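Hello,

Here is the structure I promised to pass on to you. Please have a look at it first, and then read on for what turned up in it.

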Amino acid sequence: MGTKPKAAREQRARAERLGFRVDEQTKALIERAAQLERRKLTDFCVTTLAEAARRTIAEHETLVLSERDRRAFFEALMNPPEPNDRLRRAFAEHKRRVTS
C-alpha cells in the first residue's frame with residue numbers, strides 16, 4: 001500500500017537536532033526516569049521537553065483574572081465608556097500616521 005513504514009515517518013518527523021550537555025547526575029536521573037517508563041532515552045527526553053514547553057507557553061499565554069477583574073472586563077466589553085479627549089487624539093494621530 002502507499003503508507004511509509006513507521007520508522008521512516010519518525011525519522012522524517014525528527015529531522016531537526018537539538019544538542020546540549022548535562023552533568024553526570026542529571027544524565028543518570030534522566031536515564032533512570034526513562035527506564036522506569038520503559039522508554040528509549042531520546043523518546044523520553046523529546047516527549048518530556050515538549051510537554052514542558054507546552055506548559056510554559058500555556059502559563060505565559062493564559063490570563064487568570066480575579067472575580068472583580070473579570071466583572072470589570074466584562075462590563076467594559078458590554079458597556080464601553082465613551083472615548084475621552086485623550087483617546088480621540090490617539091485615534092486621530094494613529095489615523096494620520098497610518099493613512100499618510
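**What was found**

Let me start with Arg38, which counts as exposed because its relative accessibility is 77%, and the cut-off for that word is over 50%. Arg38 sits in the loop between α2 and α3. Its phi is near 55°, a positive value in a residue other than glycine. That is worth a look, because most residues other than glycine have a negative phi. Please keep in mind throughout that this is a predicted model.

**The chain as a whole**

Now a step back to the overall picture. The chain has five helices and zero strands, so if you read from the N terminus on, the elements run α-α-α-α-α. Of its 100 residues, 2% count as buried, where buried means under 20% relative accessible area. The chain exposes about 10,200 Å², and carbon and sulfur atoms supply 56% of that area.

**The largest pocket**

Next comes the largest pocket, with a volume of about 600 Å³. It has 16 lining residues, and those that lie nearest its centre are Leu18, Gly19, Phe20, Thr42 and Cys45. Which helices each supply at least two residues of the lining? They are α2, residues 24-36, and α3, residues 41-61. The largest share comes from α3, with five residues. Sorted by class, the lining of this pocket has eight nonpolar, two polar and six charged residues.

**A nonpolar patch on the surface**

If you turn to the surface, look for Leu63, Leu65, Phe73, Phe74, Leu77 and Met78, which form a nonpolar patch. Together these residues have about 660 Å² of accessible area. One of them, Met78, belongs to helix α4, which covers residues 67-78. Met78 is classed as exposed because its relative accessible area is 52%, and the class begins over 50%.

**Salt bridges**

The structure holds nine salt bridges, and I picked out a few for you.

In helix α4, Arg70 pairs with Glu67 in a salt bridge whose closest N and O atoms are 2.5 Å apart. Both residues lie in that helix, three residues apart, which is about one turn. Arg70 counts as partly exposed because its relative accessibility is 40%, and Glu67 is also partly exposed, at 43%.

Asp69 forms a salt bridge with Arg68, and here the closest N and O atoms are 3.2 Å apart. Are these two partners exposed or partly exposed? Asp69 is partly exposed, with a relative accessible area of 32%, whereas Arg68 is exposed, at 61%.

Helix α5, residues 85-99, holds both Glu93 and Arg97, four residues apart, or about one turn of the helix. These two form a salt bridge, with 2.7 Å between the closest N and O atoms. Glu93 is partly exposed at 29% relative accessibility, while Arg97 is exposed, with a relative accessible area of 61%. Elsewhere, Glu37, Arg39 and Asp43 are joined into one network by salt bridges that share partners.

**Two pairs across the chain**

Finally, here are two pairs to find in the viewer. How far apart in space are Arg14 and Val46, C-alpha to C-alpha? The distance is 9.7 Å, with their positions 32 residues apart in sequence. Arg14 lies in the loop between α1, residues 6-13, and α2, and it is partly exposed because its relative accessibility is 43%.

The other pair is Thr48 and Ala34, which are 14 residues apart along the chain and have their C-alpha atoms separated by 9.9 Å. Thr48 is found in helix α3 and is partly exposed, with a relative accessible area of 34%.

I hope this helps you find your way around.

Best wishes

Notes
Residues are numbered from 1 along each chain as its sequence is written. This is a predicted model: local features need pLDDT of at least 70, side-chain atom pairs count only at pLDDT 80 or more; totals for chains, interfaces and linings use all residues. Side-chain values use heavy atoms; hydrogens and water are left out. On a 1 Å grid over the protein atoms alone, a cavity is a set of points where a 1.4 Å probe fits but cannot get out, and a pocket is an open set with protein on both sides within 12 Å along at least five of seven lines; lining residues have an atom within 4 Å of a point. Grid points are joined across faces, edges and corners, and a volume is the space filled by probe spheres set on the points. Ala, Val, Leu, Ile, Met, Phe, Trp, Tyr, Cys and Pro count as nonpolar, Asp, Glu, Lys and Arg as charged, and the others, Gly among them, as polar. Patches are made of residues with over 30% relative accessible area and no salt bridge: like charges are joined within 9 Å, nonpolar side chains (Val, Leu, Ile, Met, Phe, Trp, Tyr) within 5 Å. Accessible areas come from the Shrake-Rupley method with a 1.4 Å probe; for residues, only the protein chains shown count as cover. A salt bridge is a side-chain nitrogen of Lys or Arg within 4 Å of a carboxyl oxygen of Asp or Glu. Buried means under 20% relative accessible area, exposed over 50%, partly exposed in between (1.4 Å probe, protein chains only).
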